[in-house]
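Trainee: Please take a close look at one part of this model for me. I would like to hear about a single interface between domains, in one go.

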Amino acid sequence: MSTNTSIIEKQEKEEQKTNNMIMSGADMVIQALLDNGIDTIFGYPGGAVLPIYDAIFQSGKIKHILVRHEQAALHAAEGYARSTGKVGAALVTSGPGATNAVTGLTDALLDSVPIICISGQVPTFLIGNDAFQEADTTGITRPCTKHNYLVKKIDKLAETIHEAFHVAKTGRPGPVIIDLPKDIQFAEGTYKRPDEIKYDKYQPQIKPQESQIEKAINLIISAKKPVFYTGGGVINSGKEACDLMTEFVRETGFPITSTLMGLGSYPANDKQWLGMLGMHGTYEANMTMHDCDVMICIGARFDDRVTGRTDAFAPFSKKIHIDIDPSSINKNIHVDVPIVSDAELAIKALMEAWKKHGGNKNKTELENWWKLIESWRNVKCLSYKNSEEEIKPQYALERLREAIKGRDDVFVTTEVGQHQMWAAQFLPFNKPNHWMTSGGLGTMGYGLPSAIGVQTAHPDALVIDISGEASFQMNMQELGTAIQYKLPVKIFILNNQWMGMVRQWQELLHGERYSETYSNALPDFVKLANAYGGKGIVIEKPSQLDEKIKEMIESDVMTIVDVRVSKNENCFPMIPSGKAHNDMLLSPSAEEIKNAIGAAGKKLV
Amino acid sequence: MNTEATQSVYGEQIYKESKDSHTLSILVDNEPGVLAKVIGLFSGRGYNIESLTVAETDHDKNLSRITIVCTGTPMVVEQIKNQLGRIIPVHKVSDLTIKGPHVERELALVKVAGRNEDRIEAIRTAEIFRAGVVDSTTDSFTFEITGRSDKIDAFIKLMLPLGLVEISRTGVAALSRGKEKS
């Protein structure tokens, strides 16, 4: 008798459950986002996503941040994702909504940021008809997403969204777009939970091969001039990976340098840290790379900004390359020991092997290697000529560095250009996930929306967008978003009235013919901030820096700081295009650079 | 094998590297957009594609096989395979050229128009090549020929002076020899 009742009860429960599981496509989107841990979404409404916006309104369970342009929704989701280690989410409408999102998607693809973007689409029966606000979204986004879906059946919707999350965060992370026709948003179907779906389709290799670890450790323990070269892959692997790597690097006593994307994975205040490498990296980092005999690359991809001339890249070295993406291996540079693996698992395996073999015994050689590195350090490649009259951008950043010293709740985003490189050179990055910049794609206008995403995730933190006056204007409409959601982001504009990096190349390579790079008709940034209801600060003299920076940090609203910096300052050190790591230019002498870059180098970007 | 100068990705040096032809067999989910992803990869990254065939091969599991013949330096071919492997609906990429013995076949339809001696010569040549006649009129033949691509090339060359009108080729289909899967 009692068993019977319990069976009936069970059946009733099951029935109730199924009943609850029948819902509209729009409700499924909300449910699937919630089930995948999304509580915040950045987006912009439009005709083709109205049912989803209605579901957001009615459920009240998802925080929606209304941006002013879809590109910003994607960058904000990137900032959110990179500062939290979670998946970022964006919602855009069909046609122009989706095409505006393309830059953000491409940015996330190149910098391996896990993003889910849901785009509306015209109803299935209108697809291909050149309907109003129709664009071939899956066609357009094919090369700029990790994967994309067009959902044409309601039965497939829930499992598609769950699979999209799995794809976005598994292996090398990346953006995934789900194109959702309006009739599917209205259609009713049965919702499936994430645990009801099998993900056998996409299971990339994440564990290192034992034999490759053995080969790698043999190189590491016999190295005489080793160097760690690490990238964003370590940060993507997680905080554990960064901690393990820091432990391993300290254990070995080897020098370490990172790419632009890798900054923060190893504490910059450590003595083994050489600074960033590459085109505007430090002299010591690049010289160490050039002369090393064993290079241990973890989660970096031998990008052209890092290698310089490929046939003269670290010519005396054996190279170990740990990457989760097999296509990153042997793409630009041939490596001796490839290891396809997640960074954390590979470092763990290397650490165990290191202990088993008793470490590196070449004590004298390593000491000599460090002596050599010290001599390169003593060149003091980041020194610049300071001035009392005008603000040098480097000095402004040095004062900012002083002002945020010791705080671990500071997040920095940047736009793209000279200010970005100076920020990478002069600001301290001691923790992962605190530095957000557009590395691969180099998207001007990334910094402000990204800062908005970061501040949304960390309401009490100090979020600073290091900016240039040109880049800032590319997405400055987002000031409204910052005000609407009371996000006290700080926009620190190094205003030199030029598109500085382009101007620098014109000066060095195009006979100082400054074609269209002067920032004409600039707005009054203080008034601009005020117009939106934020705070505006202008800094005109070096002596004002400390006081005004303090004022910025203490401000509890969106704040623009217009730092009027020196107009002609160029970013050094620099590896001229087409040159090797040991061909660095330290001095700002234009004459020397003109001679340094050959005709072939001029053609490169 | 031919040798061609390629520009280094980021440098002034000109490398001399040999380019080889490889036959790749790719198993993919039979869903919209997969072929576009594969082709887009080749055009987007500047890889060469010589021949491509695709059709559903397993209806129950919803799988298609794409066979691609491509050329490149060993480093580029390695990249092509790895990049193909990154596409989510791609299940397996096999390089039949590296893997060992395999069979490659192509089918072509060859239309020849002519009278008298040419017509007799065409049908004689077709017999030698074991090409069948699939359409015939008083002044034309359409031959069906199957074989390796070079055999088809040779047949076409011989048909040229005999009144070749047009050709349709399927591209290469290939499988590895022996009992193992490709």
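**The interface of domains 1 and 3**

Mentor: Start with the polar side of things. In this predicted model, 14 residue pairs are in polar contact across the interface of domain 1 of chain A and domain 3 of chain A, with both partners at pLDDT 80 or more. Salt bridges are another matter: the rule finds zero across this interface.

Now look at what domain 1 of chain A brings to domain 3 of chain A. Four elements each supply at least two residues to that side: the strands β2 (40-43) and β3 (63-66), and the helices α4 (70-84) and α5 (96-110) of chain A. α4(A) gives the most, with ten residues. By type, the residues on this side of domain 1 of chain A split into eleven polar, eight nonpolar and six charged.

Next, the extent of the interface. In contact are 25 residues of domain 1 of chain A and 27 residues of domain 3 of chain A. Together the two domains bury about 2,000 Å² between them. Carbon and sulfur atoms carry 59% of that area. On the side of domain 1 of chain A, three residues lose the most area to domain 3 of chain A: R68(A), R82(A) and S83(A). Together they make up 31% of what that side buries.

Last, place the interface in the chain. Chain A is divided into domain 1 (16-196), domain 2 (210-377) and domain 3 (393-564). Taken over C-alpha atoms, the centres of domain 1 of chain A and domain 3 of chain A are separated by 30 Å.

How values were computed: Residues are numbered from 1 along each chain as its sequence is written. Chains are lettered from A and ligands numbered from 1 in the order in which they are written. This is a predicted model: local features need pLDDT of at least 70, side-chain atom pairs count only at pLDDT 80 or more; totals for chains, interfaces and linings use all residues. Side-chain values use heavy atoms; hydrogens and water are left out. Domain bounds come from an automatic or database domain assignment. Contact means heavy atoms within 4.5 Å. Buried area is the accessible area (1.4 Å probe) that two parts lose on being put together, summed over both. A salt bridge is a side-chain nitrogen of Lys or Arg within 4 Å of a carboxyl oxygen of Asp or Glu. A polar contact is a pair of N or O atoms within 3.5 Å; within protein, one must be able to donate a hydrogen and the other to accept it, and residues adjacent in sequence count only if both atoms are side-chain atoms. Ala, Val, Leu, Ile, Met, Phe, Trp, Tyr, Cys and Pro count as nonpolar, Asp, Glu, Lys and Arg as charged, and the others, Gly among them, as polar.
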